[in-house]
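Please open the structure in your viewer and keep the sequence panel visible. The tour proceeds by selection, from the whole chain to individual residues.

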Amino acid sequence: MQAEVTRHGHSQLEAAMAHLSDLIGFDTTSAYSNLEIISHIETFLTQWGCETTVLPDASGNKANLVARLGPKDIPGIVLSGHTDVVPARPASWASAPFSMEQRGSRLFGRGTCDMKGFLACVLAAVPSFSQGQLSRPFYFCFSHDEEVGCQGAPAIARYLAALDTPPALAIIGEPSEMQLVTGQKGKVAMTVTVHGDGGHSSFAPQHVNAVEYASRIIEMVSQRSRRYEREGPFDHDFTVPHSTALTTLVEGGIATNVTPDTCRFTFELRSIDQASAEADMQALIADVEQALLPEMQRQSDKAGIEWRELFSYPAMGDASDTDIFKRIEPILPDRGGKVSYGSEGGVFEIEGGIPSLIIGPGSIRQAHKTDEFIEIDQLSQCLTFFDTLNNWMRH
């Protein structure tokens with residue numbers, strides 16, 4: 001595949017590396033606008049005959065892009081990836097994070113692995129996809145704000161579902177080392193604010209210490225996680241075969257001699273299926289409030305516990321039993337099980353009714369790290385898969 005020459009005179013692998021360099025040059029940290037990279041991608045796709053649709057968010061500072069290549073009255077295949085990346089601290093990197101650098105067989109830069117490497121391969125393959133007659137359409141989908149809770153993908157999924165002929169399958173290009181992933185956990189992220197009743201710490205027994213009560217809630221979160229580890233339910237296809245719960249951020253108190261009246265912390269629940277994630281979260285809230293609220297409010301009517309969902313995204317189910325999977329299975333890569341990290345696959349499935357798989361270049365172990373990189377061979381493997389998929393789409 002890498003030897004195939006594009007209309008620009010470069011091999012597809014060279015084209016993918018050039019595209020990746022361009023994409024890395026856009027600082028699309030989730031806190032910033034992604035409009036420039038969307039415009040860049042749309043311009044390229046339009047040149048190769050794609051019909052494009054931009055889906056702006058309510059603020060107008062972010063947008064999704066959906067592009068179709070091929071007939072619109074036949075169910076097609078989605079190739080989907082997010083344009084945003086997690087933050088990078090340049091001082092801790094060996095090279096500038098938003099300027100791609102090659103060192104040996106690796107390409108370094110924020111997003112090389114998660115997941116602009118996949119986007120670059122899509123762009124490099126489009127010239128081949130556009131040649132001749134496709135029997136089924138490709139849908140190229142580029143979303144915003146995946147890293148902060150899959151905020152952009154629902155609009156894409158609903159747009160596709162509303163088409164006269166929706167796509168049959170979505171391939172999400174999250175880093176899977178080009179193995180086939182058939183499941184992904186769902187996640188609920190929650191911020192908890194514990195309201196106590198503070199004052200001078202010498203009167204501590206008369207106060208409701210928000211930090212101490214927060215620590216008791218955090219321990220209940222930990223207990224639930226340990227119970228998942230002991231009792232399941234289990235699905236050993238996952239990299240971590242059970243649900244998990246984890247506190248990730250804590251903030252409280254103002255001075256060493258003041259009983260804290262407020263403490264705020266964030267925790268997450270990752271579940272092997274979405275129904276149990278929602279039920280388990282409600283059960284945890286009920287357990288905490290039953291155990292702690294009466295005790296807190298006997299001490300002070302100011303005391304309370306405030307729960308706020310930061311974001312959630314659904315689990316991605318196993319599409320192996322669908323008709324489209326059975327038809328396409330012969331050309332799919334080897335199975336790599338199911339993953340505990342998040343993706344937009346569950347959104348396509350739940351919001352759009354589109355069965356989804358994860359297949360993408362790079363290792364999740366490099367995602368979100370300082371000096372993030374992707375192996376060049378992973379791009380090559382992705383292009384080879386696209387070549388096979390392109391042939392299948394013409395039969």
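The stops below begin with the overall fold and then turn to strands, a helix and cysteines.

**The whole chain**

Display the complete protein first, bearing in mind that this is a predicted model. The secondary structure consists of nine helices and 15 strands. Along the principal axes, the C-alpha atoms occupy a box of roughly 80 × 45 × 40 Å. The radius of gyration is 24 Å, which agrees with the value near 21 Å for a compact globule of 395 residues. Colour by accessibility next: buried residues account for 56% of the 395 residues. With a surface drawn, the protein exposes about 16,900 Å², and carbon and sulfur atoms supply 48% of that area. Of the contacts between residues at least 6 apart in sequence, 79% join residues at least 24 apart.

**The hairpin of β1 and β2**

Select residues 51-56, strand β1, together with residues 63-69, strand β2. The two strands run antiparallel and are joined by six bridges. Within this pair, valine 54 stands opposite leucine 65 of β2. Now move to the turn: six residues lie between the strands of this hairpin, and glycine 60 has a positive phi of about 80°.

**The sheet β4-β5-β15**

Select β4 (101-103) and β15 (373-375), then add β5 (residues 106-108). Together these three strands form an open sheet in the order β4-β5-β15, with antiparallel pairing. Why does one side of β4 and of β15 lack a neighbour in the sheet? Both strands stand at the edges and have a single partner strand each, so one side of each is left free of a neighbour there. On average, neighbouring strands of this sheet are turned by 25° against each other, direction ignored. Three bridges link β4 to β5, and arginine 103 stands opposite arginine 106 in β5.

Add residues 376-392, helix α9, which packs on the sheet and touches β4, β5 and β15. The direction of α9 makes about 60° with that of β15.

**The cysteines**

Finally, show the side chains of cysteine 50, cysteine 141 and cysteine 150. How many disulfides does the structure hold? The number is zero. For cysteine 141, the nearest cysteine sulfur is that of cysteine 50, 11 Å away. Cysteine 141 is buried, with a relative accessible area of 0%. The sulfur of cysteine 150 has its closest cysteine sulfur in cysteine 141, at 14 Å, which is too far for a bond. Cysteine 150 is also buried, with a relative accessible area of 3%.

Definitions and conventions. Residues are numbered from 1 along each chain as its sequence is written. This is a predicted model: local features need pLDDT of at least 70, side-chain atom pairs count only at pLDDT 80 or more; totals for chains, interfaces and linings use all residues. Side-chain values use heavy atoms; hydrogens and water are left out. Two strands pair if DSSP finds at least two bridges between them. Helices (H or I, at least four residues) and strands (E, at least two) are DSSP runs, numbered from the N terminus. A disulfide is a pair of cysteine sulfur atoms within 2.5 Å. Buried means under 20% relative accessible area, exposed over 50%, partly exposed in between (1.4 Å probe, protein chains only). Axes are lines fitted to C-alpha atoms, for helices over the stretch in contact, and angles run from 0 to 180 degrees between N-to-C directions. Contact means heavy atoms within 4.5 Å. The radius of gyration is taken over C-alpha atoms; the globule rule is 2.2 Å times the number of residues to the power 0.38. Accessible areas come from the Shrake-Rupley method with a 1.4 Å probe; for residues, only the protein chains shown count as cover.
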